Amino acid sequence: MDGHFNNSNGNLNSQFSGDSQNGGPIDYHSVAATGQLAGHPGLPSGVDVAPSRTVYLGNVPADITPKELLDHVRSGIIENVRLLSDKMCAFISFLDKSSALLFHSDAILKRLTIRDNDIKIGWGRNAPLSSVVLNAIQRDGATRNVYIGNLPKDISQDQLIQDLEEYGTIDTIKILNDKGVAFIHFCSILSAIKVVTNLALKNEFYADKKIFYGKDRCAFITKTQQHNAAQYLGLAPGMEHLVTNADREFISSTLLQQSAAAAAIATTAGGANNLGNRTVYLGNLPKDIKVEEICNVVRGGLLQNVKYLHDRHVCFITFIDPIAAAQFFAMSQLHGLTIHNKRIKIGWGKHSGPLSNALTLAVSSGASRNIYIGNIDVENPKFSKEELREKFQEFGEIEQINYLLEKNCVFINFTNISNAILAIDKIKIDPDFKDLKINFGKDRCGNIPRQFVNTK
């Protein structure tokens, strides 16, 4: 892996622009119906073939740490990551080309941003795996994550760094003191191999410790990825967890097809600059419609914000994920969107820009615009629907309050996920709510559209 790269941002825009020179505009109706772009002449032949297993990232903050960079990667097992701070760039080498292609396309679609830096995405020079790494993977399932067990419960991160940093640059350390276990991610599989092979022999403190390989944190499937793959596969709502049991290569292929479809849908209707847009425009809305009624027809992805302009009878729906936005746009064009027997106009709103790092982290931890409150005393006037609305609207506009008396719980949906995050932080320290169960609930707009549920 060297400093060579091919910047493909512009190429991807042209591939997905759907211009007439590539055979005419993409039919997003067929994309919505099939979830893929089979045979479209505007796409490169074999959309699942990457030129390299190494992705180039430019305009990276000069002082970025491996952890900060790799927190943005959830597409497959990494063989090696190299940071060139003087050139403000990095190279991430995956074990396989399919994982590299998934990260590459996802980073472009979502306009990867780190500390307000727009990251340039390209390809690094392709190189084969070294025989040492390949043999360790085939023999032991080697990864860059080292598991160490039988540790004393007072083991410190400083001691682990002191003992292990000679083997290579460390990405993260996670210690489970109560279990006497630590997971140390290095920046390369080769460094991890050296630890597993030599640590117990060179340092007697580790002679009786269990030392082997753990799972690469960058290969874990996020909830958003589960949802997208489940939607593509036509799984019923609530069955997204089945995706985690599927083959990683199969999931990568599924997500890649969805990413390509989303890019095609967004750029066909809105031009190349619309790539990664998460905001869909709804026009011609009935005069007296409520925000709740609008959300009742929105399906396919978690929402960041619902902005309803009453006087103009329009609404802007901003999804968390651009794939969900593109899918909703295409499905609405294909099947039509009707409220109060009135056909709604569908378009793209002003480009939303990328999701902030803070919101990305919050969503990955389960945040939504819906708050669940359980163990409510329904006889207490403090918890009446009216009192709850007055209490919670201090934090932002409320879309819906769903009171389930028989289950002694309530769901409070905000129009903006940031307001829900603020509310849940504040309400947990409110004396009136100290004995109640409080957590994020599911955003009903994230349910899979009925047209995608496989009924066979």
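A residue is called buried under 20% relative accessible area, exposed over 50%, and partly exposed in between. The exercises below concern a predicted model.

**Exercise 1.** Determine which exposure class applies to Glu387, and state which helix and which surface patch contain this residue.

*Solution.*
1. The relative accessible area of Glu387 is 39%.
2. This value lies between the limits of 20% and 50%, so Glu387 is partly exposed.
3. In the secondary structure, Glu387 belongs to helix α13, which covers residues 385-392.
4. Together with Glu386, Glu390 and Glu394, Glu387 forms a negative surface patch.

**Exercise 2.** Establish how many disulfides the structure contains, and examine Cys295 as a candidate.

*Solution.*
1. A disulfide requires two cysteine sulfur atoms within 2.5 Å.
2. For Cys295, the closest cysteine sulfur is that of Cys445, at 4.5 Å.
3. This separation is too far for a bond, so Cys295 and Cys445 are not counted as a disulfide.
4. The search over the whole structure returns 0 disulfides.
5. As to accessibility, Cys295 is buried at 0%, and Cys409 is buried with a relative accessible area of 4%.

**Exercise 3.** Locate Asn59 and Arg111, and describe the phi angle and exposure of each.

*Solution.*
1. Asn59 is not a glycine, yet its phi is positive, near 60°.
2. Asn59 sits in the loop that joins β2 (54-58) and α3 (66-70).
3. Its relative accessible area is 32%, so Asn59 is partly exposed.
4. Arg111, likewise not a glycine, has a positive phi of about 50°.
5. The loop between α4 (97-109) and β5 (113-114) holds Arg111.
6. With a relative accessible area of 32%, Arg111 is partly exposed.

Definitions and conventions. Residues numbered from 1 in each chain as written. Predicted model: local features only at pLDDT ≥ 70, side-chain atom pairs only at ≥ 80, totals over all residues. Heavy atoms only, no water. Patch = residues over 30% accessible without salt bridge, like charges linked within 9 Å, V, L, I, M, F, W, Y side chains within 5 Å. Areas by Shrake-Rupley, 256 points an atom, 1.4 Å probe, with all protein chains shown as cover. Salt bridge = Lys/Arg side-chain N within 4 Å of Asp/Glu carboxyl O. Lys, Arg positive; Asp, Glu negative; His and termini not counted. Charge placed at Lys NZ, Arg CZ, Asp CG, Glu CD. Helix = DSSP H or I, 4+ residues; strand = E, 2+ residues; numbered from the N terminus. Buried < 20%, exposed > 50% of the residue type's maximum accessible area, 1.4 Å probe, protein only.
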